[in-house]
Each structure stands twice: as structure tokens, then as C-alpha cells.
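Visitor: I would like to learn how to read a few features of a structure, starting with the end of a helix. Could you take me through them one by one?

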Amino acid sequence: MPEVSLHNPGVAPAPSRFTSTKLADFPMPHGREEAWRFTPIDRLEGLLADTLDGGVPTYQLAGKPLNLGQSITLGVATFALAPHESDTPLVAAPFDRVAAVGWNNIRETMRVTINGHAPQPVFLDVHAGEPGSAPVVGHLEIVAREGCDATLVLRHTGSGQLNETVEILAERHATLRVLSLQEWEADAKHVATHQLRLAEGSTIQHAVVTLGGDTVRICSGVTLPEPHADINMLGLYFTNAGIHHEQRLFIDHVAAGSKSRVTYKGALQGQDAHAVWVGDVGIGPVAYATDSYESNRNLVLGKGPRVDSVPNLEIHNGQIEGAGHASATGRFDDEQLFYLMSRGIAPAEAKRLVVKAFYAELLNQMDVPELAAHVLELVDNRLSEGSLQ
């Protein structure tokens, strides 16, 4: 597990990665690059082309489509779909080929502005097209105004191919929960770039739940440039035979007193099920009193799946509260199974309960009860009898 620790802030460079809005700065990857060595590039070539001319995704609020030029307010959230006009990203410039392709092909922007406190989550449905359709490009700008407190759920369903950019900005002392659900059909392909920026005293819970699709690669970049910001990143995935699910994160602690927590968990079943998780946390030379921890756990159901899990820390000052990482991949816990079976539960049902409990821990943290029940039902339905033997 790569780890660098440098003490002298007068000498140490800050953690960073190359960013640019120019597509030419990110040539087509070949699979040997560090950022692409786990990715089946041949399955994503259509989404990495210079030009994506398949159009834009469709959006729905409460079952009603939101059309270009239209604005709808639901409670404290305003949704407006408008032509893309800005040459400057809201949060940060692209950091890889996916992000650069997405940025240079944006046609429309869904702007979500949140003011005030909302007791109930707001759901925005995203549809990418029909089977075999050309790749589409989506762009969401989500701004949480100062002092707000709200939950937004992005639901991706159906088929098609989507290159998506999601920019999230939390103003001072805002509290925002954003959950991206990927409930794709088996043929869908989805690459996404999530960029987050937190102002002083703000809190974001960013959750990614991936339950379908042929190939899904979601990369998230977080910047904490002001003190006392708090980011909590949660992720769940259920990866079936032949499916590729990839999650990559980069958290940049710039200012003092910020906190980050990363917890991703996934279960895999079937031949050639492949899950990738790469977590990078950088702690800058003046990011004193930083408190950071990242964890990835994988449950392998039967023979055939593959997991690549890579946590990284880059620490550039010696005055932090804490920084750590953990990664674990394994099969069913024998003690858990013995406990359940000793109470008369059949072996297959005991394993089913263990899988659901594995997910329930993080679903409870996401605090969207109707979604938690839906996710657990989907996982339960997709568990194969072979995986429970």
C-alpha cells in the first residue's frame, strides 16, 4: 500500500494531480497507465471518443420530464435545465480522459440549487437512452447554499451509454447528502466524474450505490480548501458475473481541521465479476489537525470474481489528528454462519442474511429508508443459488 509521509512543510509539495479542460491533454489510454490498468478500455471506447454526439440524458422529477428551458421547485430545491454556457467548471477542471471528454461535449446543464432545510429526500431520475443507442453526455451542477440541510438522490435506470459530470459545491455551514444510485440494465455503460468542493464548516455525505450495468466507472474528486469541513463518502456495489464496477476517489485536504471518512463495501458473484476500488487521500503541508480514514471491504461469493483494492495515503505534514486505511477481501465469516445455523436457520438462508447485513450497515448511514429497503430487495433477488451453496 503506497504511503508517503513528509514532515517539513517548507519543502514538501502539496498532494496534487494534473487537471485541464483541454481534451488534447488526455490522450486515449492504452491500459498501461496507472489510472487505467484495471479498466476494460475496450468496453468503454465509445464513451472515450473525442466527440460524443448521442445527445443528452432525460431527467424526471416526480415522474414528470424536465425539459430544456424549464425550471421546477420542489420544497427547498430548484431544478433548471439550460444550455451549457460556461467555459469554467463550477468546482474543478477534469483530471482524466473521461472527465475531459465529458466536459468538452456538454450541451445542457441541469442546475440544482438548494436553500433551507428539507425533511424528506428529493429524487431526480436520469435516463441515458435505449439499448444500442449512441453515448449521451450529462452535466449536473449542485449548489448547497449557506446553512441548508437537504438530501438529493440521483437514480440512474434503463439502458444506454452515459458520460456524466456531477459538480457539487457546498457553501459555508451547508449540510448536504447526495446519493447516486446506478440501477442500470445489464447492457448499460456508465462513466462518471464527481467533483466536490466544501467551504468552511460544511458537511457532505456522498454515497454511490451501483447495482447493475455492464461497465460502470465512477471517479470522485474532493477538495477541502477551507477549515473544518467534513466529507463522508459511502459506497455499495453488487457485481454480477461478467460485470465491471470501478470506483476511484481522490480527497485533497488543503486547509486545517478538516475530516474525511471513506467506507466502500461490495459483494461479487459469478465468473469474471470484477470490482475495482482505488482510494487516494492527500494531506497538504498546512492541513494541520486533519482526521482521515478510508476503508474498502469485499465479500466474494463463490468462485470466479476478481477484486482489486488499492488504498493510498500521501501525508505532507506531521501535525495531524490521524490518517489510516484498510482493505479486506474474503468469503463468508464462519462464526456468523455458525451462529445463525445453530439457531435453526438453513445454510443458504444464513448466507443470504449475512449478505443483507453486510449492506445494511451503510444503508442505515445513508438514512433514506425507502431506498434502503429497495436496495436490499434487489440484492436479495440477484443472489444466485450457486453463490449460497
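Guide: A polar contact is a pair of N or O atoms within 3.5 Å, where, within protein, one must be able to donate a hydrogen and the other to accept it, and residues adjacent in sequence count only if both atoms are side-chain atoms. Helices (H or I, at least four residues) and strands (E, at least two) are DSSP runs, numbered from the N terminus. This is a predicted model, in which local features need pLDDT of at least 70 and side-chain atom pairs count only at pLDDT 80 or more, while totals for chains, interfaces and linings use all residues. Residues are numbered from 1 along each chain as its sequence is written, and side-chain values use heavy atoms, with hydrogens and water left out.

Visitor: Which residue caps the N-terminal end of H1?

Guide: Asp96 does, with a side-chain oxygen 3.3 Å from the backbone nitrogen of Val98.

Visitor: How many residues of H1 are buried?

Guide: Buried means under 20% relative accessible area, exposed over 50%, and partly exposed in between (1.4 Å probe, protein chains only). In H1, seven of the eight residues are buried, among them Arg97 and Trp103. Their cover includes strands E8 (136-144), E9, E11 and E13 (215-224), judged by contact, that is, heavy atoms within 4.5 Å.

Visitor: How many cavities of 30 Å³ or more does a search of the whole structure find?

Guide: Rolling a probe the size of a water molecule over the atoms shows where empty space is left. On a 1 Å grid over the protein atoms alone, a cavity is a set of points where a 1.4 Å probe fits but cannot get out, and lining residues have an atom within 4 Å of a point. Grid points are joined across faces, edges and corners, and a volume is the space filled by probe spheres set on the points. The search finds three such cavities, and the largest has a volume of about 60 Å³. Its lining includes Ala99, Trp103, Glu167 and Gln195, and the elements that give two or more residues to that lining are H1 (97-104), E9 (149-170) and E11 (189-198).

Visitor: Is Asn296 buried or exposed?

Guide: Asn296, in strand E18 (residues 291-301), counts as buried because its relative accessibility is 1%. The side chain of Asn296 makes polar contacts with the side chains of Asn298 (2.9 Å) and Ser309 (2.7 Å). Leaving aside neighbours within four places in sequence, Asn296 is in contact with residues including Tyr237, Tyr264 and Trp277.

Terms used:
1 Å grid on protein atoms, 1.4 Å probe; cavity = no way out; pocket = protein on both sides within 12 Å on 5 of 7 lines; lining within 4 Å.
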